[in-house]
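Got the viewer open and a hand on the mouse? Here is a tour, stop by stop, with something to select each time.

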Number of protein chains: 2
Amino acid sequence: MKVTVFVRPKAGILDPQGEAVGGSLRTLGFAVGGARVGRLVDLEVDATTADEARFQVEQMCEQLLANPLIESFEIEIEREAAA
Amino acid sequence: MKVTVFVRPKAGILDPQGEAVGGSLRTLGFAVGGARVGRLVDLEVDATTADEARFQVEQMCEQLLANPLIESFEIEIEREAAA
């Protein structure tokens with residue numbers, strides 16, 4: 001089952017990478033307000049149901065993929081064509 | 001207008017970060033196949049229509065946010081509540 005995890009810096013947490021991106025975009029002439037940079041992980045998970053996949057991926061996020069002190073994560077399970 | 005850009009390594013491009021993540025997850029005992037790591041950028045764009053925002057963000061991706069040789073990007077415009 002294909003799963004995508006989105007990891008973002010929590011609101012209020014300083015995001016120097018995002019500030020650099022925002023500054024560079026404005027230097028290039030683009031009209032942007034804030035920019036925040038996070039990461040995404042596309043995974044192929046061995047699971048038979050979406051619930052099982054979500055449960056497993058939550059464990060992965062807590063143990064490896066996200067730093068819960070400063071990052072929040074979101075899990076998206078890709079619907080297979082008429083599973 | 002809130003826009004999110006998803007940047008992923010193109011298929012066939014080596015992704016050492018993804019391989020490291022996949023290896024670590026398997027070491028932790030998770031049953032995962034491939035893992036690929038990309039990034040996401042949340043932007044606040046000054047634009048009046050979704051089309052205008054998309055056009056601007058495409059320019060941003062080509063000029064700064066993605067490396068077109070090895071990365072593909074996807075743009076998601078967040079629908080404001082009944083704009």
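The stops below go from the contact between the chains to single residues and their partners.

**Before you click**

This is a predicted model, where local features need pLDDT of at least 70 and side-chain atom pairs count only at pLDDT 80 or more, while totals for chains, interfaces and linings use all residues. Residues are numbered from 1 along each chain as its sequence is written, chains are lettered from A and ligands numbered from 1 in the order in which they are written, and side-chain values use heavy atoms, with hydrogens and water left out.

**Stop 1: the interface**

Colour by chain and select whatever touches across the boundary. With contact meaning heavy atoms within 4.5 Å, you should get 31 residues from chain B and 31 residues from chain A. The buried area here is about 2600 Å², and carbon and sulfur atoms give 66% of that. (Buried area is the accessible area, with a 1.4 Å probe, that two parts lose on being put together, summed over both.)

Now look for polar contacts, meaning pairs of N or O atoms within 3.5 Å; within protein, one must be able to donate a hydrogen and the other to accept it, and residues adjacent in sequence count only if both atoms are side-chain atoms. Across the interface, 12 residue pairs are in polar contact, with both residues at pLDDT 80 or more. On chain B, the side that touches chain A draws at least two residues each from strand S1 (2–9), helix H1 (16–27), strand S2 (32–45) and helix H2 (50–65). (Helices, H or I with at least four residues, and strands, E with at least two, are DSSP runs numbered from the N terminus.) S2(B) gives the most, with 14 residues. By class, that side of chain B has 17 nonpolar, 8 polar and 6 charged residues. Here Ala, Val, Leu, Ile, Met, Phe, Trp, Tyr, Cys and Pro count as nonpolar, Asp, Glu, Lys and Arg as charged, and the others, Gly among them, as polar.

**Stop 2: strands across the boundary and within chain B**

Select residues 32–45 in both chains. Strand S2 of chain A and S2(B) pair in the antiparallel sense over 11 bridges; strands pair if DSSP finds at least two bridges between them. Find Arg39(A), which stands opposite Arg39(B).

Stay in chain B and pick S1(B). It is antiparallel to S2(B), with 6 bridges joining the two, and Val5(B) has Val41(B) as its bridge partner there. S1(B) also pairs in the antiparallel sense with strand S3 (residues 71–77) of chain B, over 7 bridges; in that strand, Arg8(B) is partnered by Ser72(B). Buried means under 20% relative accessible area, exposed over 50%, and partly exposed in between (1.4 Å probe, protein chains only). In S1(B), 7 of the 8 residues are buried, so this strand is largely enclosed by the rest of the structure.

**Stop 3: salt bridges**

A salt bridge is a side-chain nitrogen of Lys or Arg within 4 Å of a carboxyl oxygen of Asp or Glu. The whole structure has 8 of them over all chains, and the count between chain B and chain A is 2. Which residue of chain B does Arg8(A) form a salt bridge with? Select Asp42(B): the closest N and O atoms are 2.6 Å apart.

Next, show Arg39(A) again with Glu71(A), whose side chains meet in a salt bridge at 2.8 Å, N to O. Arg39(A) is in strand S2 and Glu71(A) in strand S3 of chain A, so the pair ties together parts 32 residues apart in sequence. Arg39(A) is partly exposed at 26% relative accessibility, whereas Glu71(A) is buried at 16%.

**Stop 4: two residues of chain A**

Click Lys10(A), in the loop between strand S1 (2–9) and helix H1 (16–27) of chain A. Lys10(A) counts as partly exposed, at 32% relative accessibility. Leaving aside neighbours within four places in sequence, its contacts include Arg36(A), Leu69(A) and Glu71(A). A polar atom of the Lys10(A) side chain lies 2.7 Å from the backbone oxygen of Pro68(A).

Finish at Gln56(A), in helix H2 (residues 50–65) of chain A. Is Gln56(A) buried or exposed? Gln56(A) is buried, with a relative accessible area of 16%. Beyond neighbours within four places in sequence, Gln56(A) is in contact with Val45(A), Asp46(A), Phe30(B) and Ala31(B).
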